[in-house]
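This report describes how the interior and the charged pairs of a protein model are arranged. Please keep the structure in view while reading.

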Amino acid sequence: IQYCRCGAPVTGETINSWWPGENPGMGETFDEGLFALFETYLTKARAQVQSELGGDLEIKGLFWHQGESNESTDPALFRRTMRNVFGRFRDITDNPKLPIVAGHIRELSEGRAKVNAVLSQIASRDANLTVVPLSNLEFEPDKDGRPDVHIATAGCHELGRQMAGAMEQLHSAGKSFHIYAPSRKSNSLWVVEATPAGDKLDFKVSEQVDLGFSSPTIAPHTS
């Protein structure tokens, strides 16, 4: 069963509204604000899935689009807080490698450009997090008539498609595949699982299959 939860946005909030605590990894957490609401929703969703479907809820990924209200925040503080927020999301979803897609914000000031730079820096050090720039989107004026301030409806739809595509890429990036290697000493075939790990591959023998005949064939197969 696959589905996507699309919630209503909470506008005008700084990252402090999601404040996870000074050091969540050491148990120093803050359990109020928007993070508490998210935890409450997650608890109810897990209970509902268990009750109605008889299974466990699996969170496949997280979409994040926030930052305009933090244009005046010190970049170092914003970076540390964002890393803590993402880390705690992974902790409460029981997935230390939870894929996260973060959208850039409109760069209408130097501060907002720094917000995007921080998100890009975090992504450069996190193989399971990527950012999506606001490129090829339609924009519209704000209430004061300033042009190209907000993302227009069509632009929102396009951004959603781009972020969904980025999530699919994260899910497929570390996908393992099988290598079938014939044994030179017996009429059998070794089945080896290969998993991408950075710029290398990790190998693990899955099984040995008795063929009953010899074969020189080595064939890759994705799984």
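Helix α3 supplies three residues to the lining of the largest cavity, which is the largest share. The model is a predicted one. The cavity holds about 30 Å³ of space, and the search finds one cavity of 30 Å³ or more. Its lining consists of Asn 70, Glu 71, Thr 73, Asp 74, Pro 75, Phe 78, Gly 111, Lys 114 and Val 115. Two elements, α2 (75-92) and α3 (110-124), each give two or more residues to this lining. By character, the lining residues divide into three nonpolar, three polar and three charged.

The nonpolar interior is considered next. In soluble globular proteins, nonpolar side chains tend to be buried together. The largest nonpolar core has 28 residues, and those touching the most other members are Ile 15, Trp 18, Trp 64, Met 82, Val 85, Phe 86 and Phe 89. Two or more residues of this core come from each of α1 (33-53), β1 (62-64), α2, β2 (100-103), α3 and β3 (129-132). Which residues does Trp 18 contact, leaving aside its neighbours within four places in sequence? They are Leu 34, Phe 35, Phe 38, Trp 64, Val 85 and Phe 89. A second, separate core comprises eleven residues, among them Val 101, Val 132, Met 163 and Leu 170.

Charged residues form a further set of links. Side chains of opposite charge can pair when their charged atoms come close. The whole structure contains ten salt bridges, including the following.

| Salt bridge | Distance between closest N and O atoms |
|---|---|
| Glu 58 – Lys 60 | 3.5 Å |
| Arg 90 – Asp 126 | 2.7 Å |
| Glu 193 – Lys 204 | 3.9 Å |

Arg 90 lies in helix α2 and Asp 126 in the loop between α3 and β3, so their salt bridge ties together parts that are 36 residues apart in sequence. Are these two residues buried or exposed? Both Arg 90 and Asp 126 are buried.

The pair of Glu 193 and Lys 204 joins two strands: Glu 193 is in β7 (residues 188-197) and Lys 204 in β8 (residues 200-210), so parts eleven residues apart in sequence are tied together. Lys 204 counts as exposed, because its relative accessibility of 53% is over the 50% cut-off.

In the remaining pair of the table, Glu 58 is exposed, with a relative accessible area of 58%, while Lys 60 is partly exposed at 47%. Finally, Glu 68, Glu 71 and Arg 112 are linked in a network of salt bridges; Glu 71 is also one of the residues that line the largest cavity.

How values were computed. Residues are numbered from 1 along each chain as its sequence is written. This is a predicted model: local features need pLDDT of at least 70, side-chain atom pairs count only at pLDDT 80 or more; totals for chains, interfaces and linings use all residues. Side-chain values use heavy atoms; hydrogens and water are left out. On a 1 Å grid over the protein atoms alone, a cavity is a set of points where a 1.4 Å probe fits but cannot get out, and a pocket is an open set with protein on both sides within 12 Å along at least five of seven lines; lining residues have an atom within 4 Å of a point. Grid points are joined across faces, edges and corners, and a volume is the space filled by probe spheres set on the points. Helices (H or I, at least four residues) and strands (E, at least two) are DSSP runs, numbered from the N terminus. Ala, Val, Leu, Ile, Met, Phe, Trp, Tyr, Cys and Pro count as nonpolar, Asp, Glu, Lys and Arg as charged, and the others, Gly among them, as polar. A nonpolar core is a set of buried Ala, Val, Leu, Ile, Met, Phe, Trp, Tyr and Cys residues joined through side-chain atoms within 4.5 Å. Buried means under 20% relative accessible area, exposed over 50%, partly exposed in between (1.4 Å probe, protein chains only). Contact means heavy atoms within 4.5 Å. A salt bridge is a side-chain nitrogen of Lys or Arg within 4 Å of a carboxyl oxygen of Asp or Glu.
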